[in-house]
Amino acid sequence: MLRRLLAELLPRWLAIALGIRRVSPEGGYWPRRSVDVPPIDTGGGFRAAWREQDPAKDPKEPNGGESSSAGNDHGWSNCTCTSGALALAYQQPRGSLAPWGGDLRHKQGDQSGGTDLFDCRDAWKAYGETLTIKSGDGWAQVEKDHSDGQAIVIQGSGNVPGSESFDGGHACCIAPETHSDGRWLFGDPLASGWQWIKPSDIKAWAQRWQSSIAFAVGEAPPPPEPPEPEPGPEPEPEPVPTPVPPRPPLGQYALVVAERQVIEAERDRAVDDWAAWLAAGAPPTSSMYDAGYWGAAAWARGPIPDPVRAAETARITAPQWDGGAWRELLWHG
């Protein structure tokens, strides 16, 4: 927007004189008291440590070698920087070590009177954080930034919602929390603690300062890490295939079949020969163990039985087959 651009380009004093930059509190009309409000429960969630702009409670006012009067003036004119300190605690959660408004006041260049959102942005830079000015973007943008979880520094005028601590130009903090009934967590630095305030009341208060709303936001928090997936069932082991012996080449396979057929035919023929030999009966002789019984006549009789065939394979010739050799083979072999 043009107003925001001019606020960036013009010298600070000129932009303030022309009303382009509006500091809070305005002019010499400053608050002089803080207000006690009932404490509220955190509900177990994170909430920034509370900071008040009251110089009697801000340990950083006065700061360094400043006089007590300077610290007093800074404290009562420090609503924007104190609201900025509350918002900054959502960028850098440090609990009780979170900065005070007096810390931010002395991190920017203006040490006289009130401050504005641009001064607060300068102070954030000193902490390595980015505060984005969105003045003029309207209430719908405020609602979106709040729903995105961003802390907001907002300016308004008239009695402050909730505490009614001050009816002049003022700055407050809107925290990311939302109550179950829809109210927002609201930080008036003139109050003694956080309050739950209806968004419509905050809107009306902010529009009395600027109809298009003067506000600035921090960065949205990173999305939560996705949960780790639940472990599933163990995968079934892959079945181990039964090894199949390699099939011989077609020609070799045919040869194997042929050899098997020959062997089976020889076996059948040997059985037939053995049966025929037994059926023929033994040659006549006086003793079944002498050489005449198993002599040349028996050899010449026909098919040779398997035991004799085995002997033949062992290269035992017919003349060796006397009675003693046959007994040794047949009965002891």
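Select strands S2 (residues 152-156) and S6 (residues 215-217). This is a predicted model. The two strands run antiparallel, and 3 bridges join them. Pick out Val153 and find its bridge partner in S6, Ala216. Then take Ile152, whose partner in S6 is Val217.

Now add strand S3 (residues 170-178). S2 and S3 also run antiparallel, joined by 5 bridges. Ile152 stands opposite Ile174 in S3.

**Burial of S2**

Stay on S2. How many of its residues are buried? The count is 5 of the 5, so the strand is largely enclosed by the rest of the structure. In a regular strand, side chains alternate between the two faces of the sheet. Colour Ile152, Ile154 and Gly156 for one side of S2, and Val153 and Gln155 for the other. Both faces are covered, since these residues are all buried.

**The whole sheet**

Widen the selection to the open sheet of 6 strands. Trace its order: S1-S6-S2-S3-S4-S5, with antiparallel pairing. Strand S1 (132-133) and S5 stand at the edges. Each has a single partner strand, so one side of each is left without a neighbour in the sheet. Next show H7, which packs on the sheet. H7 touches S2, S3, S4 and S6, and its direction makes about 45 degrees with that of S3.

**Helix H8**

Select helix H8 (residues 199-207) and show its buried residues: Pro199, Ile202, Trp205 and Ala206. Look down the axis of H8: these residues fall within an arc of 125 degrees, so they line one face of the helix. What covers them? The cover includes helix H7 (139-147), S2, S3, strand S4 (184-187) and strand S5 (195-197).

Move on to Ile213, in the loop between H8 and S6. Phi of Ile213 is near 70 degrees, a positive value in a residue other than glycine. Is Ile213 buried or exposed? At 0% relative accessibility, Ile213 counts as buried.

**The loop between S2 and S3**

Two residues are worth a stop here. Start with Glu164, which lies in this loop. Glu164 has a positive phi of about 50 degrees, although it is not a glycine. At 51% relative accessibility, Glu164 counts as exposed.

Then select Gly168, in the loop between S2 and S3. Gly168 is buried, with a relative accessible area of 4%. Which residues does Gly168 contact, leaving aside its neighbours within four places in sequence? They are Tyr29, Gly156, Ser157 and Gly158. Draw a distance from the C-alpha atom of Gly168 to that of Pro31: the separation is 8.1 Å, for residues 137 apart along the chain.

**Two cis peptide bonds**

Go to the loop between helix H2 (12-17) and helix H3 (68-76), where Pro25 is found. A cis peptide bond joins Ser24 and Pro25, with omega about -5 degrees. Pro62 lies in the loop between H2 and H3 too. The peptide bond from Glu61 to Pro62 is cis, with omega near -5 degrees.

**Where to read with care**

Finish by colouring the chain by pLDDT. The protein chain averages 83, and 79% of the residues score at least 70. Select residues 288-297: pLDDT stays under 50 there, and the model has 19 contacts beyond four places in sequence for this stretch. Then select residues 310-322, where pLDDT also stays under 50 and the model has 12 such contacts beyond four places in sequence. Where pLDDT is low, the predicted coordinates should not be read in detail.

Definitions and conventions:
Residues numbered from 1 in each chain as written. Predicted model: local features only at pLDDT ≥ 70, side-chain atom pairs only at ≥ 80, totals over all residues. Heavy atoms only, no water. Buried < 20%, exposed > 50% of the residue type's maximum accessible area, 1.4 Å probe, protein only. Helix = DSSP H or I, 4+ residues; strand = E, 2+ residues; numbered from the N terminus. Pairing = 2+ DSSP bridges. Arc of directions from axis to C-beta. Contact = heavy atoms within 4.5 Å. Axes fitted to C-alpha atoms, helices over the stretch in contact; angles between N-to-C directions. pLDDT = per-residue confidence, 0-100.
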